[in-house]
Amino acid sequence: MKKVILVGSILLVAVMSTACINKWAVQDLNNKAKIYAEKGDYTQAIERLKSSIDLDPSIFETHYNLAVVYTQAEDYINAVEEYKKVIEMKPDDADSYYSLGTAENNLAVDMAQGRVRMREDGSLYSPKADEIDTTEKFELSESEKSFVDELYSSAVANYDKYIELKPDADDKAEVEAQIQKINEVQHPVEE
């Protein structure tokens, strides 16, 4: 019986030690990511945050920070995906809806301007400079037009959710103005 208690105690100490080491490593990676992001080295910041998530995928702040760094790097494809994960983790966080709306709006603009394209399988990519033909007028495909419209609609819904969760937000007027701008882009008034 004493052996069972001893083995159980050893296992408990080992598990607790591993948890403490992981928590320290996650915090260290997050701190390093913050430093890289502040210097504008988004690639290194993203790598540190991904490593942190590999160690402990349950930390909301790490996912949120990764989405923010993707946004700072103007990688709206990955920012949108990460903000969606953030909202799954904490569906009552108003700022996550605002940030997702902003990323979706920016992604829609990038697509409308040809900086992000859609493959036939529906996946998105950013074409390299030599893949862009600047001699011809850029036109969205029908599937791209539909997706851009979905992005704008989702951005409006996320901005609305932000206002619903934070009705006294200091930036409420600016968010409502952004919603109006999106609605004007989606449904232009013909003269």
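**Figure 1. Overall fold of the predicted model.** Among contacts in the chain between residues at least 6 apart in sequence, 53% join residues at least 24 apart. The structure shown is a predicted model. Its chain contains 7 helices and 2 strands, and from the N terminus on these elements follow the order α-α-α-α-α-β-β-α-α. The chain has 191 residues, of which 33% count as buried. About 12,500 Å² of the chain is exposed, and carbon and sulfur atoms supply 53% of this area.

**Figure 2. The largest nonpolar core.** This core has 41 residues, and those with the most contacts inside it are Tyr83, Leu107, Met111 and Tyr162. Two or more residues are given to the core by each of H1, H2, H3, helix H4 (76–89), helix H5 (94–112), helix H6 (142–165) and helix H7 (172–186). The element that gives the most is H6, with 8 residues. As a general tendency, nonpolar side chains in soluble globular proteins are buried together.

**Figure 3. Surroundings of Met111.** Met111 is one of the residues with the most contacts inside the largest nonpolar core. When neighbours within four places in sequence are left aside, the contacts of Met111 are Val116, Met118, Leu124, Phe138, Leu140, Glu144, Phe147, Val148 and Leu151.

**Figure 4. Ser96 in helix H5.** Ser96 is placed in helix H5 and counts as buried, because its relative accessibility, 0%, falls under the 20% cut-off. Beyond the residues up to four places away in sequence, Ser96 touches Phe60, Tyr64, Tyr83, Val86 and Ile87. Tyr83, one of these partners, is also among the residues with the most contacts inside the largest nonpolar core. The view includes Lys161, which is separated from Ser96 by 65 residues in sequence and, C-alpha to C-alpha, by 9.8 Å in space.

**Figure 5. Ser52 in helix H2.** Helix H2 spans residues 42–55 and includes Ser52. With a relative accessible area of 0%, Ser52 is buried. Residues up to four places away in sequence not being counted, Ser52 is in contact with Val26, Leu29, Asn30 and Thr62. Of these partners, Asn30 also belongs to the lining of the second largest pocket.

**Figure 6. The second largest pocket.** The space in this pocket amounts to about 180 Å³. Its lining consists of Asn30, Ala33, Lys34, Ala37, Glu38, Leu49, Asn65, Val68, Val69 and Gln72. Helix H1 (2–38) and helix H3 (60–72) are the elements that give two or more residues to this lining. The largest share comes from H1, with 5 residues. By residue class, the lining divides into 5 nonpolar, 3 polar and 2 charged residues.

**Figure 7. Lys32 and Leu49.** Lys32 is located in helix H1. A relative accessible area of 37% makes Lys32 partly exposed, because this value lies between the 20% limit for buried and the 50% limit for exposed residues. Leu49 is one of the residues that line the second largest pocket. Between Lys32 and Leu49 the C-alpha to C-alpha distance is 8.8 Å in space, and the two residues are 17 residues apart in sequence.

Definitions and conventions. Residues numbered from 1 in each chain as written. Predicted model: local features only at pLDDT ≥ 70, side-chain atom pairs only at ≥ 80, totals over all residues. Heavy atoms only, no water. 1 Å grid on protein atoms, 1.4 Å probe; cavity = no way out; pocket = protein on both sides within 12 Å on 5 of 7 lines; lining within 4 Å. Points joined across faces, edges and corners; volume = space filled by probe spheres on them. Helix = DSSP H or I, 4+ residues; strand = E, 2+ residues; numbered from the N terminus. Nonpolar A, V, L, I, M, F, W, Y, C, P; charged D, E, K, R; others polar. Buried < 20%, exposed > 50% of the residue type's maximum accessible area, 1.4 Å probe, protein only. Contact = heavy atoms within 4.5 Å. Core = buried A, V, L, I, M, F, W, Y, C linked by side-chain atoms within 4.5 Å. Areas by Shrake-Rupley, 256 points an atom, 1.4 Å probe, with all protein chains shown as cover.
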